[in-house]
Amino acid sequence: MARPAGVRNQDFEQKKQALTDKLLAFVLRDGVERPSFRQLAIAAETSEPTLRHYFTDRTGLIIHLLEQITERSVPLREALSQPQDSLDDAVTGYFRQMAVLTKTDGYVRVHAFGIREAMGDEGIQKFYLKQFLSAGIDSVAERLVRSKDGLTTFDEARHAAILIVSASLLRVVHQEVLKGKVHQPLDEEAYFDRVGKWLLDGLRSSKGPSGK
């Protein structure tokens with residue numbers, strides 16, 4: 001007897017997670033760019049109707065993958081939010097971390113995946129902005145406020161964090177999304193060092209001659 005519509009099989013969550021793991025491995029491969037729903041089904045070794053059963057449609061599937069990435073990124077966001085001994089350490093330390101992380105394929109592909117998908121679907125765009133990108137920005141803002149002699153208000157810190165995070169995201173767009181690593185390679189260590197110093201100079205100036 002067929003299962004009534006809307007009723008889930010007992011191992012629904014286990015099977016959904018197995019599909020999720022296969023799909024994450026696929027979309028984060030080098031060279032995979034906005035795959036079709038059919039390509040996603042093939043990668044998961046299942047059918048399109050099965051994917052719809054678990055994820056409703058392509059938008060729902062991609063948002064689910066981004067949710068999984070967001071959950072798995074909690075330790076990194078917590079590390080980025082930790083207070084430092086000075087504003088200098090908070091800013092330059094962030095860029096030192098980014099210089100290391102952007103050499104890691106997983107980190108770069110996660111952000112390239114999110115950016116590509118957000119540009120092509122309004123539903124994904126809203127999720128990426130509110131839940132994915134904003135979470136990282138808020139972590140850096142918290143770091144800037146909590147650090148010794150840091151910024152005074154969270155609103156001010158969030159504006160600074162947007163500038164700081166955008167520098168690392170532009171690197172992903174330049175190198176990965178627009179293939180700058182092939183057509184116009186970037187000296188990443190010099191980039192992060194210089195941008196970090198320039199942003200820090202601007203934050204110092206905004207605090208006035210006394211640094212406050």
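**Entry 1: α1 against α4**

I began with one helix pair: α1 and α4 are roughly perpendicular to each other (65 to 115 degrees; under 35 is roughly parallel, over 145 roughly antiparallel, the rest oblique). I was working on a predicted model, in which local features need pLDDT of at least 70, side-chain atom pairs count only at pLDDT 80 or more, and totals for chains, interfaces and linings use all residues. Residues are numbered from 1 along each chain as its sequence is written, and side-chain values use heavy atoms, with hydrogens and water left out.

I then looked up the numbers for this pair. Helix α1 covers residues 12-27 and helix α4 covers residues 58-72. Their axes cross at roughly 85° and come within 10 Å. Axes here are lines fitted to C-alpha atoms over the stretch in contact, and angles between N-to-C directions run from 0 to 180 degrees.

Which residues make the contact? From α1 I noted Lys16, Gln17, Thr20, Asp21, Leu23, Leu24 and Val27. From α4 I noted Leu61, His64, Leu65, Gln68, Ile69 and Arg72. Contact means heavy atoms within 4.5 Å. By class, the residues of the α1 and α4 contact are six nonpolar, four polar and three charged. Ala, Val, Leu, Ile, Met, Phe, Trp, Tyr, Cys and Pro count as nonpolar, Asp, Glu, Lys and Arg as charged, and the others, Gly among them, as polar.

**Entry 2: Phe26, also in α1**

I stayed in helix α1 for Phe26. Is Phe26 buried or exposed? Phe26 has 13% relative accessibility, so I count it as buried (under 20% relative accessible area; exposed is over 50%, partly exposed in between, with a 1.4 Å probe and protein chains only). Setting aside neighbours within four places in sequence, I list Val32, Pro35, Gln39, Leu40 and Ala43 as contacts of Phe26. I also took one long span: Phe26 and Val172 are 146 residues apart along the chain, and their C-alpha atoms are separated by 19 Å.

**Entry 3: positive phi**

Next I looked up backbone angles. Arg34 is a residue other than glycine, yet its phi is positive, near 45°. Arg34 sits in the loop between α1 and α2 (37-43). Its relative accessible area is 37%, so I put Arg34 down as partly exposed.

Thr56 is not a glycine either, and its phi is positive at about 75°. I place Thr56 in the loop between α3 (48-55) and α4. With a relative accessible area of 60%, Thr56 is exposed.

**Entry 4: Glu117**

Arg34 came up again when I turned to Glu117. Glu117 belongs to helix α7 (residues 105-118). How much of Glu117 is accessible? The relative accessible area is 1%, so Glu117 is buried. Beyond four places in sequence, I find Glu117 in contact with Arg34, Pro35, Arg58, Ile62 and Ile124.

**Entry 5: Thr102**

I went on to the loop between α6 (87-101) and α7, where Thr102 is found. Thr102 is buried, with a relative accessible area of 4%. Outside four places in sequence, its contacts are Tyr107, Val108, Arg171, Glu188 and Phe192. I also checked Thr102 against Ile42: they are 60 residues apart in sequence and 30 Å apart in space, C-alpha to C-alpha.

**Entry 6: α9 against α11**

Arg171, Glu188 and Phe192 turned up again in a second helix pair. Helix α9 covers residues 154-177 and helix α11 covers residues 188-206. I read an angle of about 165° and axes 12 Å apart. α9 and α11 are therefore roughly antiparallel to each other. Their crossing is right-handed, meaning that the near helix is turned clockwise from the far one by less than a right angle (anticlockwise would be left-handed).

On the α9 side I list Glu156, Ala160, Leu163, Ile164, Ala167, Ser168, Leu170, Arg171 and Gln175. They meet Glu188, Tyr191, Phe192, Val195, Leu199, Leu203 and Ser206 in α11. The residues of this contact divide into 10 nonpolar, three polar and three charged.

**Entry 7: the whole chain**

I closed with chain totals. The chain has 11 helices and zero strands. Helices (H or I, at least four residues) and strands (E, at least two) are DSSP runs, numbered from the N terminus. The C-alpha atoms fill a box of roughly 75 × 40 × 25 Å along the principal axes. Of the 212 residues, 42% are buried. For contacts between residues at least 6 apart in sequence, I note that 66% join residues at least 24 apart. The accessible surface is about 11,800 Å², and 53% of that belongs to carbon and sulfur atoms (Shrake-Rupley method, 1.4 Å probe).
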